[in-house]
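User: I would like to understand how the labels for a model like this one are assigned. Could we go through them one by one?

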Amino acid sequence: MTPDRWIVTVAGIGLVAFIIWFFWLKRSKGIRAAETSGGYQEAMILVKGGYTPDTIVVRSGRPVRLNFRREETASCSDKVIFPDFQRSADLPTGETIAVELMPKEPGEFGFACPMGSSAAASSSNRRPACQCMTIRTTTSRKAPF
């Protein structure tokens, strides 16, 4: 093999490895939910082509309030489903909707749109096609990163 073919082959393998890491293996560090005076851990989530931020870190055993603000009209994002908590919520465009949850155990809990295309990693280690949102729980006050 000539040197130019070696360079192209190595660059191609490197590019494929980067794409696999970026889309399937990279884990977002996330943001820590703010603790309110009412005892809730609270975070604002923008729904526009996915969920922003895509990972929320909270303490287990304390109530969580996720405030969803939907800024798009795609029918897939008109509802959010939390299978691990047996909860769901309608997300009207332009309104902020609060969803309250109680993660009792540390772990990762995901949620998805009704079609499952905006799914997040779940506590049972099922990997969905598109990882967009995760609630990561810890037992300490410090962020795990």
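User: Why is Trp21 called partly exposed?
Analyst: Its relative accessible area is 39%. Buried means under 20%, exposed means over 50%, and partly exposed lies in between (1.4 Å probe, protein chains only). The value falls in the middle range, so Trp21 is partly exposed. Phe18, at 46%, counts as partly exposed too. This is a predicted model, in which local features need pLDDT of at least 70 and side-chain atom pairs need 80 or more, while totals for chains, interfaces and linings use all residues. Residues are numbered from 1 along each chain as its sequence is written, and side-chain values use heavy atoms, without hydrogens or water.

User: How many aromatic pairs are there, and what makes Phe18 and Trp21 a tilted one?
Analyst: There are 9 aromatic pairs. For Phe18 and Trp21 the centres are 5.9 Å apart and the planes meet at 40°. Rings of Phe, Tyr and Trp (its six-membered ring) pair if their centres lie within 6.5 Å; planes under 30 degrees apart are stacked, over 60 edge-to-face, and the rest tilted. The angle of 40° is in the remaining range, so the pair is tilted.

User: Where do Phe18 and Trp21 lie?
Analyst: Both are in helix H1 (residues 3-25), 3 residues apart, about one turn of the helix. Helices (H or I, at least four residues) and strands (E, at least two) are DSSP runs, numbered from the N terminus.

User: Why is the pair of Phe68 and Phe111 called edge-to-face?
Analyst: The centres are 5.7 Å apart and the planes are at 85°, so the pair passes the edge-to-face cut-off. It links distant parts of the chain: Phe68 is in strand S6 (residues 64-70), and Phe111, 43 residues apart, is in the loop between strand S10 (107-110) and strand S11 (134-138).

User: Are Phe68 and Phe111 buried or exposed?
Analyst: Phe68 is buried, at 0% relative accessibility, and Phe111 is buried, at 1%. Both belong to one aromatic cluster with Tyr51 and Phe82.

User: How do you know that Asn67 makes a polar contact with Glu42?
Analyst: Their side chains come to 2.7 Å. A polar contact is a pair of N or O atoms within 3.5 Å; within protein, one must be able to donate a hydrogen and the other to accept it, and residues adjacent in sequence count only if both atoms are side-chain atoms. The distance is within the limit, so the contact counts. Asn67 lies in strand S6 and is buried, at 11%.
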